[in-house]
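I opened a notebook for this structure and wrote down what I looked up, one entry at a time. Have a look along with me.

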Amino acid sequence: MMNSAAMYPPLFAPAANIPGYGDYNVSGGYLPPPMPTEPIAPQPGSIPSDWSIPALTEDEARHAFKDFVSSHCCYSSSPADDGVITAMEPHNTYRYRLETFTEARSTDWAHKPYEGEVADHNPQQAPQPWTVHATPPNLFTDHTQEIRLPFTSIVKKSCSVCNGSGKNTDGDCTNCSARGKVKCSDCKGEGMKDCKTCKGTRRLLAYIQLKVEWKNHVEDYTGDQNPVLKSDKLRSANGKELYKNNQFLLYPLIGFPNPAMAQASERLIKDHQSKFSQTSRILQQRQTVELIPITKVVYAWKGKSHFYVVYGNNNKVSDDDYPATCCCTIL
């Protein structure tokens, strides 16, 4: 099994010319991807014509409020049971989400204990990083794959960590106190453990390792601050999906009733395509519009006016000033 270079101390590149890599600086930096192509125009009819938001009913608002109160041991149920709804104000909003799924490639020197493998760096030219086949994961899923490039491996005659001794000289064997006079299974009676870098083989196989990283970049936009719901609850709100579209490269929203949301779509798509195409290859983009229903419910209880907010597709409730609380002591 091939070990990652990150598990070993730094290793300088072997003094050998790797055919096909004369123009590459093999130092872990991201390599420029192939040139992107132009986006495909969205198909007719892909944009929904109805962006309407269904209104919350009084029964739904009352039921959500009672569930909220019952989940708090220190809340009296009287406001939920006896309160009279006097007004319901919609403050609905949308959430726009853009996902850009990319593939990035980088190369660096790596090494492993030499176990008799054939050093294949000559004479055939090593493949260029973006021509090597790699199996991608499902779309919009983060994943990393490390591939040893063929025709780049070189046998390093002595391990730079143990100087070819095969033993780890910076720590004595604790099982036999470095005496080597008992049958020590850890060091075979030699008083020192095998070098962790070369595993006692005294030589290393160095090679160019290709690192392929698939990453899903996600960015949300929910517009201006909502007047009745705090931003942290707005971000976590469960929305109802109204529209989803994925293509190789996206076009912005067309025909959206909220100008700020349409502008955000145009801005984010342009930003993602410009930013990520410099160091990676864009494989797919996806844009989603969710409805976040938000209703301010005003009710009267004991001669005073109060309100709570019902939000999200699952009718969660926010009420930071509930009028009937008591002090609970948990023993």
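**Entry 1: a helix and its span.** Before checking a helix, I need a yardstick: the expected span is 1.5 Å times one less than the number of residues. One note first: what I am reading is a predicted model.

I started with helix H4, residues 259-276. How far apart are the end C-alpha atoms of H4? I found them 26 Å apart, and that agrees with the 26 Å that 18 residues should span at 1.5 Å a residue.

Next I asked which residues of H4 are buried. My list reads Met261, Ala262, Ala264, Ser265, Leu268, Ile269, His272 and Phe276. These buried residues are on the same side of H4, because they cover an arc of only 155° around the axis. I turned to the face of H4 that points away from the buried side, and there I noted the exposed residues Pro259, Gln263 and Lys270.

A reminder to myself: residues three or four places apart in an α-helix point the same way, because there are 3.6 residues a turn.

**Entry 2: another helix.** I gave helix H1 (58-70) the same treatment. H1 has 13 residues, and I read 18 Å from its first C-alpha to its last, close to the expected 18 Å.

The buried residues I found in H1 are Ala61, Ala64, Phe65, Phe68 and Val69. They cover an arc of only 135° around the axis, so they sit on the same side of H1. On the face turned away from that buried side, I noted Asp59, His63 and Ser70 as exposed.

I also looked up Asp67, which is in helix H1. Asp67 is partly exposed, because its relative accessibility is 41%, and the band for that label runs between 20% and 50%. How far is Asp67 from Val317 in space, C-alpha to C-alpha? The answer is 8.7 Å, although 250 residues separate Asp67 and Val317 in sequence.

**Entry 3: cavities.** How many cavities of 30 Å³ or more does a search of the whole structure find? I got 2. The largest cavity has a volume of about 50 Å³.

I wrote down its lining: Arg62, Phe65, Pro79, Ala80, Gly83, Ile85, Tyr299 and Tyr308. Helix H1 and helix H2 (78-82) are the elements that give two or more residues to this lining. Sorted by type, the lining of the largest cavity has 6 nonpolar residues, 1 polar and 1 charged. Phe65 was already in my notes as one of the buried residues of H1.

**Entry 4: the largest pocket.** Here I read a volume of about 290 Å³. The largest pocket is lined by 19 residues, and the closest to its centre are Pro54, Ala55, Leu56, Glu60 and Pro293.

Which strands each supply at least two residues of this lining? They are strand E1 (84-90), strand E10 (294-301) and strand E11 (304-311). E1 gives the most, with 3 residues. By type, I sorted the lining of the largest pocket into 11 nonpolar, 5 polar and 3 charged residues.

**Entry 5: cysteines.** I looked for disulfides and found 0. Why is Cys73 not bonded to Cys74? The sulfur of Cys74 is the closest cysteine sulfur to that of Cys73, but at 3.7 Å it is too far for a bond, because a disulfide needs the sulfur atoms within 2.5 Å.

I then compared surroundings. Cys73 is exposed, with a relative accessible area of 67%, whereas Cys198 counts as buried at 0%.

**Entry 6: loops and backbone angles.** Two residues caught my eye here. Arg202 is not a glycine, yet its phi is positive, at about 75°. I placed Arg202 in the loop between strand E6 (192-194) and strand E7 (204-221), and it is partly exposed at 47% relative accessible area.

Lys302 is also not a glycine, and its phi is positive, at about 55°. Lys302 lies in the loop between E10 and E11. Is Lys302 buried or exposed? I noted it as exposed, with a relative accessible area of 68%.

My last lookup was Pro323, in the segment after strand E12 (316-318). Pro323 is partly exposed, with a relative accessible area of 28%. Pro323 and Lys302 are 21 residues apart in sequence, and I read 10.0 Å between their C-alpha atoms.

Definitions and conventions: Residues numbered from 1 in each chain as written. Predicted model: local features only at pLDDT ≥ 70, side-chain atom pairs only at ≥ 80, totals over all residues. Heavy atoms only, no water. 1 Å grid on protein atoms, 1.4 Å probe; cavity = no way out; pocket = protein on both sides within 12 Å on 5 of 7 lines; lining within 4 Å. Points joined across faces, edges and corners; volume = space filled by probe spheres on them. Helix = DSSP H or I, 4+ residues; strand = E, 2+ residues; numbered from the N terminus. Nonpolar A, V, L, I, M, F, W, Y, C, P; charged D, E, K, R; others polar. Buried < 20%, exposed > 50% of the residue type's maximum accessible area, 1.4 Å probe, protein only. Arc of directions from axis to C-beta.
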